[in-house]
Amino acid sequence: MKCIVNEELCIGCGTCPAVAPNSFAMNDETNKAEAINPPGDTDETVKMAVDSCPTAAISCEE
Ligand code: SF4
């Protein structure tokens, strides 16, 4: 799996690294999330993070 965060859509809420801390991290300079590839969490956890994003900024593909 590979994920990307659309920085234009990310509002820096911090939810995705809270849900999947081995797959997403906050960039301290931009205050936007960044995807860690390959994700370090299970697919199920990554999908939970994707679904939890309030702005649908995360997209993943197999
Ligand atoms: S959950 Fe969405 S809006 Fe929140 S930090 Fe992650 S990518 Fe950004």
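Pro-38 sits in the loop between β3 and α2, and this predicted model gives that loop a notable backbone feature: the peptide bond from Asn-37 to Pro-38 is cis, with omega near -5°. Gly-40 belongs to the loop between β3 and α2 as well. With 13 other C-beta atoms within 10 Å, Gly-40 is partly exposed, since a residue must have 12 or fewer to be exposed and 20 or more to be buried. Apart from residues up to four places away in sequence, Gly-40 touches Asn-22 and Ser-23. Between Gly-40 and Asn-22 the C-alpha to C-alpha distance is 4.6 Å, although 18 residues separate them in sequence.

Stepping back to the whole chain, the protein contains two helices and four strands. Read from the N terminus, these elements follow the order β-α-β-β-α-β. The radius of gyration is 10 Å, which agrees with the value near 11 Å for a compact globule of 62 residues. The C-alpha trace spans about 25 × 20 × 15 Å along its principal axes. Of the 62 residues, 21% are buried. Among contacts with a separation of 6 or more, 56% join residues 24 or more positions apart.

Strand β2, residues 24–27, pairs with β3 in the antiparallel sense, and four bridges connect the two. Within this pairing, Met-26 stands opposite Ala-33 of β3. Four residues lie between the strands of the hairpin. Asn-31 is found in this loop between β2 and β3, and its phi is near 60°, a positive value in a residue other than glycine. Asn-31 counts as exposed because it has 12 C-beta neighbours inside 10 Å. A positive phi also occurs at Ala-56, again a residue other than glycine, with a value near 55°. Ala-56 is located in the loop between α2 and β4, the latter covering residues 58–61. With 10 C-beta neighbours inside 10 Å, Ala-56 likewise counts as exposed.

Turning to the interior, the largest nonpolar core has twelve residues: Cys-3, Cys-10, Cys-16, Ala-20, Phe-24, Ala-33, Ala-35, Val-46, Ala-49, Cys-53, Ala-57 and Ile-58. Two elements, β3 (32–35) and α2 (43–52), each give two or more residues to this core. One of the core residues, Ala-49, is in contact with Cys-16, Val-19, Ala-20, Ser-23, Phe-24 and Ile-58, once its neighbours within four places in sequence are left aside.

Cys-3, another core member, is placed in strand β1, residues 2–5. This cysteine counts as buried because 22 C-beta neighbours fall inside 10 Å. Leaving aside neighbours within four places in sequence, the contacts of Cys-3 are Ser-23, Ala-35, Asn-37, Pro-39, Val-46, Ile-58, Ser-59 and Cys-60. Cys-3 and Val-50 are 47 residues apart in sequence, while 9.2 Å separates them in space, C-alpha to C-alpha.

The final feature to consider is the ligand site. Of the 14 residues around the ligand, those that come nearest are Cys-10, Cys-13, Cys-16, Ala-33 and Cys-53. Among these, Cys-10, Cys-16, Ala-33 and Cys-53 also appear in the largest nonpolar core. The shell is made up of ten nonpolar and four polar residues, with no charged ones. Ala-33 thus links several parts of this description: Ala-33 stands opposite Met-26 in the strand pairing, is a member of the core, and is one of the residues that come nearest to the ligand.

Notes. Residues numbered from 1 in each chain as written. Predicted model: local features only at pLDDT ≥ 70, side-chain atom pairs only at ≥ 80, totals over all residues. Near = placed C-beta within 6 Å. Nonpolar A, V, L, I, M, F, W, Y, C, P; charged D, E, K, R; others polar. Core = buried A, V, L, I, M, F, W, Y, C linked by C-beta atoms within 7 Å. Contact = placed C-beta atoms within 7 Å. Rg over C-alpha atoms; globule rule 2.2 N^0.38 Å. Pairing = 2+ DSSP bridges.
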